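Trainee: Could you take me closely through a single part of this model, and show how that part sits within the rest of the chain?

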Amino acid sequence: MTRKKRRLMILLLAGLGLGTATALTLTAFQDNLVFFLSPSDVLAQRPPGERAFRLGGLVEAGSVERHTGTDGRPAATFRVTDGPSAITVTYSGVLPDLFREGQGVVTLGKLQPDGTFRASEVLARHDETYMPPEVADALRRAGHWNPAQGAAPPAASWNTAPRQPEGRSGG
């Protein structure tokens, strides 16, 4: 084998190795990506049940039901809303201390065939002024808050807040 052919063979093998490593890395990243969706997005897109995603919005007032699961662990059922739409969420485990009705929440889990969302993790906002960015974006898209008109109304009013016109300033 000539020196030229040997170099070509080494370059081809190096390229093949690099391409394989790149493909494996991208596949691993794709499997670990977790998308954020609002209840309206979920109802419009119907993501596949085997795909985990984050569901975010506000805990609908009057929707929280706490009980004990069949395994003896604490469990809860509640609805997450972005205003126009709401999704029923089931969760088995202890809810965060800051979890309550009318507050922002982000849940991680999978959509079940019956349309409920089975959460494996529940994250609640950590103070009175914080709202997860994904939840704020979903509420802006739903027309419940326009940042140009000032601070967001209190979280407890999101279920009933009137839609605000897009792009209008408060003056």
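Mentor: What follows starts with the whole chain and then moves to the loop around one serine and its surroundings.

This is a predicted model, and the chain in it has three helices and seven strands. Read from the N terminus, the elements run α-β-α-β-β-β-β-β-β-α, and of the 171 residues in the chain, 33% are buried. Among contacts between residues at least 6 apart in sequence, 47% join residues at least 24 apart. At the N-terminal end, an unreviewed UniProt entry places the feature "signal peptide" at residues 1–23; in the model that span is 91% helix and 0% strand, and its end C-alpha atoms lie 31 Å apart.

The part I would look at closely is the loop between strand 2 and strand 3 (65–68), where S63 has its place. S63 counts as buried because its relative accessibility is 10%, which is under the 20% cut-off for that class. Its side chain makes two polar contacts worth tracing: the side chain of S63 reaches the backbone oxygen of E60 at 2.7 Å, and a polar atom of that side chain lies 3.1 Å from the backbone nitrogen of R79. Once residues up to four places away in sequence are set aside, S63 touches T77, F78, R79 and E101.

E60 and R79 also meet each other directly, in a salt bridge whose closest N and O atoms are 3.2 Å apart. This pair links distant parts of the chain, since R79 belongs to strand 4 while E60 lies in the loop between strand 2 and strand 3, 19 residues away. In general, side chains of opposite charge can pair when their charged atoms come close. The count of salt bridges comes to one. R79 is classed as partly exposed because its relative accessibility is 29%, whereas S63 is buried.

Moving from the loop back into strand 2, one finds a mostly covered element, with six of its seven residues buried. Strand 2 runs parallel to strand 1 (residues 35–37), and three bridges join the two; F35 stands opposite F53 of strand 2 in this pairing. L55 is one of the residues with the most contacts inside the largest nonpolar core, alongside F78 and V122, and that core has 18 residues. At least two core residues come from each of strand 2 (53–59), strand 4 (74–81), strand 5 (86–92), strand 6 (104–111) and strand 7 (117–124). Leaving aside neighbours within four places in sequence, the contacts of L55 include F36, L37, V80, I87, V89, V105 and F117. F78 offers a link back to the serine, being among the residues that S63 touches and also among those with the most contacts inside the core.

On the other side of strand 2 in sequence, R46 lies in the loop between helix 2 (39–45) and strand 2. R46 has a positive phi of about 45 degrees although it is not a glycine. Most residues other than glycine have a negative phi. With a relative accessible area of 43%, R46 is therefore classed as partly exposed.

Key
Residues are numbered from 1 along each chain as its sequence is written. This is a predicted model: local features need pLDDT of at least 70, side-chain atom pairs count only at pLDDT 80 or more; totals for chains, interfaces and linings use all residues. Side-chain values use heavy atoms; hydrogens and water are left out. A nonpolar core is a set of buried Ala, Val, Leu, Ile, Met, Phe, Trp, Tyr and Cys residues joined through side-chain atoms within 4.5 Å. Buried means under 20% relative accessible area, exposed over 50%, partly exposed in between (1.4 Å probe, protein chains only). Helices (H or I, at least four residues) and strands (E, at least two) are DSSP runs, numbered from the N terminus. Contact means heavy atoms within 4.5 Å. A polar contact is a pair of N or O atoms within 3.5 Å; within protein, one must be able to donate a hydrogen and the other to accept it, and residues adjacent in sequence count only if both atoms are side-chain atoms. A salt bridge is a side-chain nitrogen of Lys or Arg within 4 Å of a carboxyl oxygen of Asp or Glu. UniProt positions are given in the numbering used here, feature names are shortened, and annotations may be inferred rather than shown by experiment. Two strands pair if DSSP finds at least two bridges between them.
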